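Visitor: I work at the bench and would like a close look at one part of this model: its interior, with any enclosed space. Could you take me through it slowly?

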Amino acid sequence: LGQRLVLHIENVLGCGGQRRISLYSPFWIVNTTEHPLRYKQEKVTSFVAGTVLSPEKDGSKPVDGSYRNDIDEDDGLIFDESIDSLNTVFSGRPGALSLLKTSNDNTAKPSLLAALISEDLPLCVVSKLAFMFNFQDVLSLGGSTRLCIQLADTTNDISRYTSSWSSGFGLESVGVTQIVRMHCKDGRGLEVSVSISIAPGRLSNFTKIVRICPRYIVVNQLPWPIRLWQDNSLVHPNLALEHSSKDANESQKWMFTNREPPNGVINQYEILFGSPTLIDCREENGMMAHTTAHQDACYIATVRPSELVAFHLPDTRLERLLRVDFGPSWYL
């Protein structure tokens, strides 16, 4: 695939004539979102080793032809007790949050999600998730090297969801949280939070850890489910919008459904790329197919009691105003 990773070597001569040789990667990238993200150096076209470009061009495959990096879709994604079964999140594969599923549904246990996005994530977990990265080329005119990231769904040969590359950002600002935006369509963008820290212990002399986390988290501590909307409209309809079986037209940003999204459709990305979002109104979600939300509002998520959900704003062109929907008997 033409991918490569430049590692560093420290060769220290001891006072007794022995040598201590350390082989290390200067950066670990830890994707603790649920998004499939790719990384590359700004102004460089090649990818670092381990990048997944498509099902056929999969840089995460071991060179010996084994399948040790593969995830079993039936067993590897489902666990209840801990996050010990997580493994390296390669460039181009969904982030660690997408793996936190319970055996009963497709939502993560709040305690597991909270642990995964915590600033105090243990080094043993970080090392399991970390993807080794290094800049490949030194800029001929000097200046600092920068990292770019991209939303890229690599589950199919023709990706439905591929954003533009983000603006480059430096990896020298330790302790500073940066907001990185990837343009999707018509001015809409996906935002994630990026922070850089120095690895603990002996690793501090060698490696920096680049954490990519969700921009926003919602925790529902109410005894009933809620829907979350991005909405800056001033006028709302007086009557709940009934569940309609009609197809959404260009003016609609959402529609109710009683079925799971079709294969290949990732619901949270639909509005980012100009398609209507499907709102699941099946009984297990606990909310009826009615709402007082404005037609121009953007649906974000349905959050059940005691649930913790990571989310992003569907339309970054609008004001960052949220409304909470308790059901058709209440105004937002």
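Guide: Happily; what follows goes from the chain as a whole to the enclosed spaces, and then to a sheet.

The model is predicted, so local features need pLDDT of at least 70 and side-chain atom pairs count only at pLDDT 80 or more, while totals for chains, interfaces and linings use all residues. Residues are numbered from 1 along each chain as its sequence is written, and side-chain values use heavy atoms, without hydrogens and water.

The chain has 3 helices and 16 strands (DSSP runs of at least four residues in H or I, and at least two in E, numbered from the N terminus). Of its 332 residues, 45% are buried (under 20% relative accessible area with a 1.4 Å probe, protein chains only).

Now to the enclosed space. The count comes to 2 cavities of 30 Å³ or more (sets of points on a 1 Å grid over the protein atoms alone, where a 1.4 Å probe fits but cannot get out). The largest cavity has a volume of about 50 Å³ (the space filled by probe spheres set on the points, which are joined across faces, edges and corners). Its lining (residues with an atom within 4 Å of a point) draws on several stretches of the chain: Thr 33, Glu 34 and His 35, then Leu 97, Glu 191, Pro 214, Arg 215 and Gln 268, and finally Ala 310, Phe 311 and His 312. By class, that lining has 4 nonpolar, 4 polar and 3 charged residues (Ala, Val, Leu, Ile, Met, Phe, Trp, Tyr, Cys and Pro are nonpolar, Asp, Glu, Lys and Arg charged, the others, Gly among them, polar).

The second largest cavity has a volume of about 30 Å³. Around this cavity you will find Lys 40, Gln 41, Val 44, Ser 46, Phe 47 and Val 48, together with Phe 133, Asn 134 and Gln 136. Here the lining divides into 4 nonpolar, 4 polar and 1 charged.

Next, have a look at the open sheet of 5 strands, ordered E5-E3-E9-E8-E7 with mixed pairing (two strands pair if DSSP finds at least two bridges between them). Strands E5 (131-133) and E7 (177-185) are at its edges with a single partner each, so one side of each has no neighbour in the sheet. Further in, E8 (residues 188-198) and E9 (residues 208-214) run antiparallel, joined by 7 bridges. One of those meeting points is Ser 195, whose bridge partner in E9 is Arg 211.

Terms used
On a 1 Å grid over the protein atoms alone, a cavity is a set of points where a 1.4 Å probe fits but cannot get out, and a pocket is an open set with protein on both sides within 12 Å along at least five of seven lines; lining residues have an atom within 4 Å of a point. Buried means under 20% relative accessible area, exposed over 50%, partly exposed in between (1.4 Å probe, protein chains only).
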